[in-house]
Amino acid sequence: DWPKPLHSVRGPFDTAKIDGALDGMGNYGDATWELGRKHLLQPDLITGMTLLLLARQPRRPRGENADHDSGITNGVSGKVWAREQFTIHRPVDRNDAFTVEGMSTGTHVRKGRRYSTTASTSRTSTGEVFATNLTTGLLSYRSEPDLADSVHGLGPEDTPEPDWDAARSNPHINKIRGHLQGASFGGERVLMSLEMMKARDTDTPDNPIHSDPEAARQAGLARPIAGGSHVLSMALETVMRALGPQSLLYGANFDIRWKAPTEDGVHVIPRAVLVEAGDDRVVLEVHVDIVDGPTAMVGTIVIPLPNSLPAGGMA
């Protein structure tokens, strides 16, 4: 029965969603805002293409329970966004009427926890692929120790790959190549304020636990928590400041895991370390740490590089 196709959805993103993501950067968004000035969709929004697809699926009748075979409950894959593996193949205009297609690819159990996986492919209005995503959702926080590890459908190892064909068009190749293995970026304290969370969530939030204190309390949280892509945006800003605003838009591959909630009012420290500087790729390890708290997010970014420089490659 796997994979199980989903209904395709159309863009563009709402203007308020894009502007809210920009405003949600607070004072730490110079490179992200540069993309906004060029009318390009920022990479942290491309992180959630599968979630956009799932959020717009036809709703099940009220009261119908989760289907553990598909992992979808009223349009949501799992209950907690745990991991995102994706490739950005090319820049896309913020107003583009893109199409997202996808499928529920399987479920798996690991260490007593149930997960679901959903894959999506996003194409521009002219049919060019600009993103491929594989999303892993945790079906329940509660561990079931008696559950044996298992995989139904495709496992989470069937992941998107970097796009080396796209790498030649990267305008920041010289700057990317100019950094040596071991280079470290970021390290600034960034406030994740409720005002930033409200800006990103807009007046019509997909999940109000990210901006509404009362909704957060009703969900069992002490305070609103930042959305996963909001936390990731801080790490991506760190990389784009160092390597160039468009450095992540030409074939870069991401593997991101969220480890702990980021409550409003905390300071976070986004960092990136260049762990491999090869002829055909640059690999960065990124993480966002909560000051006086745990690590909120970890990830690996692979930026593919061509064998020769493009004409007019920028620094």
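## Lysine 111 and its loop

Strands here are DSSP runs of E with at least two residues, and helices are H or I runs of at least four, both numbered from the N terminus. The model is predicted. On that numbering, lysine 111 lies in the loop between β6 (99–110) and β7 (113–123). Its phi is positive, about 50°, although lysine 111 is not a glycine. Most residues other than glycine have a negative phi.

Lysine 111 has a relative accessible area of 63%. The cut-off for exposed is over 50%, so lysine 111 counts as exposed.

## A positive surface patch

Lysine 111 is also part of a positive patch on the surface. The other members are Arg110, Arg257 and Lys259.

Arginine 257 sits in strand β12, which covers residues 253–258. Its relative accessibility is 37%. Partly exposed covers the range between under 20% and over 50%, so arginine 257 falls in that class.

## Strand β14 and its partners

Strand β14 spans residues 281–290. Seven of its ten residues are buried, so the rest of the structure largely encloses the strand. Buried here means under 20% relative accessible area.

β14 pairs with strand β13 (residues 266–277). The two are antiparallel and share nine bridges. Alanine 277 stands opposite valine 282 of β14. Three residues separate β13 from β14, and the two strands form a hairpin.

β14 also pairs with strand β15 (residues 295–304). This pairing is antiparallel too, again over nine bridges. Here valine 288 faces methionine 297 of β15. β14 and β15 form a hairpin with four residues between them. In that turn, aspartate 292 has a positive phi of about 60°.

## Other backbone features

Glycine 11 and proline 12 are joined by a cis peptide bond, with omega at about 10°. Most peptide bonds are trans. Proline 12 lies in the loop between β2 (9–10) and α1 (15–23).

Histidine 39 is not a glycine, yet its phi is positive, at about 60°. The residue is found in the loop between α2 (30–37) and α3 (43–46). Is histidine 39 exposed, partly exposed or buried? At 41% relative accessibility, histidine 39 counts as partly exposed.

How values were computed. Residues are numbered from 1 along each chain as its sequence is written. This is a predicted model: local features need pLDDT of at least 70, side-chain atom pairs count only at pLDDT 80 or more; totals for chains, interfaces and linings use all residues. Side-chain values use heavy atoms; hydrogens and water are left out. Patches are made of residues with over 30% relative accessible area and no salt bridge: like charges are joined within 9 Å, nonpolar side chains (Val, Leu, Ile, Met, Phe, Trp, Tyr) within 5 Å. Accessible areas come from the Shrake-Rupley method with a 1.4 Å probe; for residues, only the protein chains shown count as cover. A salt bridge is a side-chain nitrogen of Lys or Arg within 4 Å of a carboxyl oxygen of Asp or Glu. Lys and Arg count as positive and Asp and Glu as negative; His and the chain ends are not counted. The place of a charge is taken as NZ of Lys, CZ of Arg, CG of Asp or CD of Glu. Buried means under 20% relative accessible area, exposed over 50%, partly exposed in between (1.4 Å probe, protein chains only). Two strands pair if DSSP finds at least two bridges between them.
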